[in-house]
Amino acid sequence: LPYLQLSISISIASPAFPVPIPCQCEQVKAWGTKGGCFGARRARSGPRRGSGRREGEGGEEMKSSLRSRQEPRRVSNAVIIGAMLLSLCVLSIVKARYCATPFGIAATPLSSSPSFRLIPFSRSGPCGRVVGGSPADVVFVRAGKAEDQLQEQMNSSIRMETEESPARTPGEEEEEEPEEEVPTSTAPAVTTPPAVVAATTGGGGGGGGGNIGNKKPKGKAKPTCYMTSKRSERCDASGDIRVDGNRSTIYVSGIDREWRTKPYARYHDPVAMASVREYTLKPLPAGGDAPACTKNHSVPGFMFSNGGFSGNLYHDYTDVLVPLFISTHQFKGRVQFLLSGMKPWWVGKFTPFFRQLTRVDVIDVDNDQEVHCFPRIVIGATFHKDMGVDPRRSPGHVSVVDFKRALRRAFGLERAAASRGGATGTGLPRLLIISRRNSRRFLNEREMAKAAKEAGFEVRVAEPDQHTDMATFAKLVNSADVMIGVHGAGLTNMVFLPRGAVLIQVVPFGGLEWLTSVTFKDPAADMEVTYMDYNVKLEESSLIDQYPRNHQVLTDPYAVHKQGWDALKTAYLDKQNIRMDMDRFRATLKEAMSRLP
């Protein structure tokens, strides 16, 4: 009976087949008698008159009639069964594709998963079933494409990361720091449980990272440490904060687990991070077990590191100074810097810039014997992009132009815009040639200077190094209208160029356009600097004297690239010098002159 009802319901929906009409049988067992319902009627009414040949003929006719009625029903049933099986297959595929949800919510600390980003999800999944324990649950999802093998091996002093953090949804931005006046009282740090703070950022980078795409419901605590991009992690907590830097420990009231972090914005690079000191955030012990405060602060503390590749000018800006500006300018000087891995000469070099961000001296937190107590602690600066700032994500929507403005104030740079008339507006434009001592040297530097003078430039040649006085060199760069140099850290000084100046990057032979683009070409536009490149031909490279003409280094640079960063660096960066073609150089200078305001 149930099968017949199913047959009826589906057959009605398919008009191409006859619709069977069930009879009303009084006895269920009558359905099993010969002739179906007709047999049931005969069983109910007894033998009919005129049995014999007529009865036999009638029986044969009835059997024939039943067969003719059952034939389309068999076809219909076969179609129904086939349709049901096909539907089950389709539903299985749909379920596997759209209704699958991960099981087992990861409990790994965010700091140990830099290549993931966090996305919140609710208890109602897309298939109407529970997929998470609470609205605050998160799952780890890969952020973006896997890095290229070559860039994973870029462990030298000029290692670049080209992937930006994920795009943000409209209106989503990093939580700005409070700008209200900070009390000047030096009372002991409070011991009440803090409201743990963590800015909601994009990214995303991710990167890696553990970014949270949507705001959590009110009342739910945000994580103490979280990835602000694929390259940077930030820990943020308020309450009774006690920093015992000599033991690399920070005690925080109101947290129930430990967090480990390294305050350097290069999480994607294990070589750089290996030399960065790790700090542990621990729950503040109850009673008298907590270390006593020996120095109280009424302003927040901000911890960062100049480990990693610090000392290379490009990495000083990309990994430390620009992220530091992004993360602390909103404090308006009311912040105490805690520097891990402090190099005194490095701090002295950039002290004028630090004075734009804090009113007090930087503390060497690793070697300090004090227990510093703060109302709030932030550990780790936020990275946006190489040598750049994303105004959509930065507190106050500041840009790299604001960063350059802070540098101008720090080093007393008065010149705001370049000109064909030079610094005075009535003289000659100045060309600054960035010289190099070791690899990637200009082999005909004197000829270049002479050609530039003949082209109508006032020429300066300078070679910066780690011990160059930053203020003096910044003023020299700021006086230039055009700056030229082979790809390297020295071109980082473009941050001091005036608005409208021209930067000419000499790209060594070897298919390095991707590297030179991410390092200096892409940031130049945001810095209001006109960019030009000069791609070295094989005849201008010293490599032609070092290898046979059929050597792979000369004939197939991309095959060398596939061998990894070390092979690329050795062949095209460490062993190559440049002899500029004077005709090409003069044409380049002429174009640069035409691009000046």
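# Reading charges, rings and burial

Me: What sits over the ring of Tyr 534, and how far is it from the ring's centre?

Reply: The charged end of Arg 584 sits over the ring of Tyr 534, 4.2 Å from its centre. A charge counts as over a ring if NZ of Lys or CZ of Arg is within 6 Å of the ring centre and within 35 degrees of the ring normal. Arg 257 offers another case: its charged end sits over the ring of Trp 259, at 3.7 Å from the centre. Please note that the model is predicted, with pLDDT of at least 70 needed for local features and 80 or more for side-chain atom pairs, while totals for chains, interfaces and linings use all residues. Residues are numbered from 1 along each chain as its sequence is written, and side-chain values use heavy atoms, without hydrogens and water.

Me: How many helices and strands are in the protein chain, and what percentage of its residues is buried?

Reply: The protein chain has 15 helices and 18 strands; these are DSSP runs numbered from the N terminus (helices H or I, at least four residues; strands E, at least two). Of its 597 residues, 50% are buried. Buried means under 20% relative accessible area, exposed over 50%, and partly exposed in between (1.4 Å probe, protein chains only).

Me: How is a pair of aromatic rings read, and how many are counted here?

Reply: The distance of the centres and the angle of the planes describe such a pair. Rings of Phe, Tyr and Trp (its six-membered ring) pair if their centres lie within 6.5 Å; planes under 30 degrees apart are stacked, over 60 edge-to-face, and the rest tilted. The count here is 15 aromatic pairs. Trp 346 and Phe 354 have ring centres 5.9 Å apart and planes at 45 degrees, so this pair is tilted. Both Trp 346 and Phe 354 are buried. They also belong to one aromatic cluster, whose members include Phe 302, Tyr 317, Phe 350 and Phe 403.

Me: How is a salt bridge recognised, and how many does the structure hold?

Reply: Side chains of opposite charge can pair when their charged atoms come close. The rule asks for a side-chain nitrogen of Lys or Arg within 4 Å of a carboxyl oxygen of Asp or Glu. The structure holds 23 salt bridges. One of them joins Arg 260 and Glu 258, at 3.9 Å from N to O. Arg 260 is partly exposed, at 43% relative accessible area, and Glu 258 is partly exposed too, at 37%.

Me: Which salt bridge joins two residues of helix α15 that are 3 residues apart?

Reply: Asp 583 and Arg 586 form a salt bridge of 3.6 Å, N to O. They lie in helix α15 (residues 582-595), about one turn of the helix from each other. Asp 583 is exposed, at 59%, whereas Arg 586 is partly exposed, at 38%. Glu 591 and Arg 595 also form a salt bridge, of 2.6 Å. These two are 4 residues apart in helix α15, which means a separation of about one helical turn. Elsewhere, salt bridges with shared partners join Arg 231, Arg 266, Asp 269, Asp 319 and Asp 386 into one network.

Me: Where is Lys 349 found, and is it buried or exposed?

Reply: Lys 349 is found in helix α7 (residues 344-354). Lys 349 is buried yet has no salt bridge; Asp 316, the nearest side chain of opposite charge, is 4.8 Å away. Here Lys and Arg count as positive, Asp and Glu as negative, and His and the chain ends are not counted.
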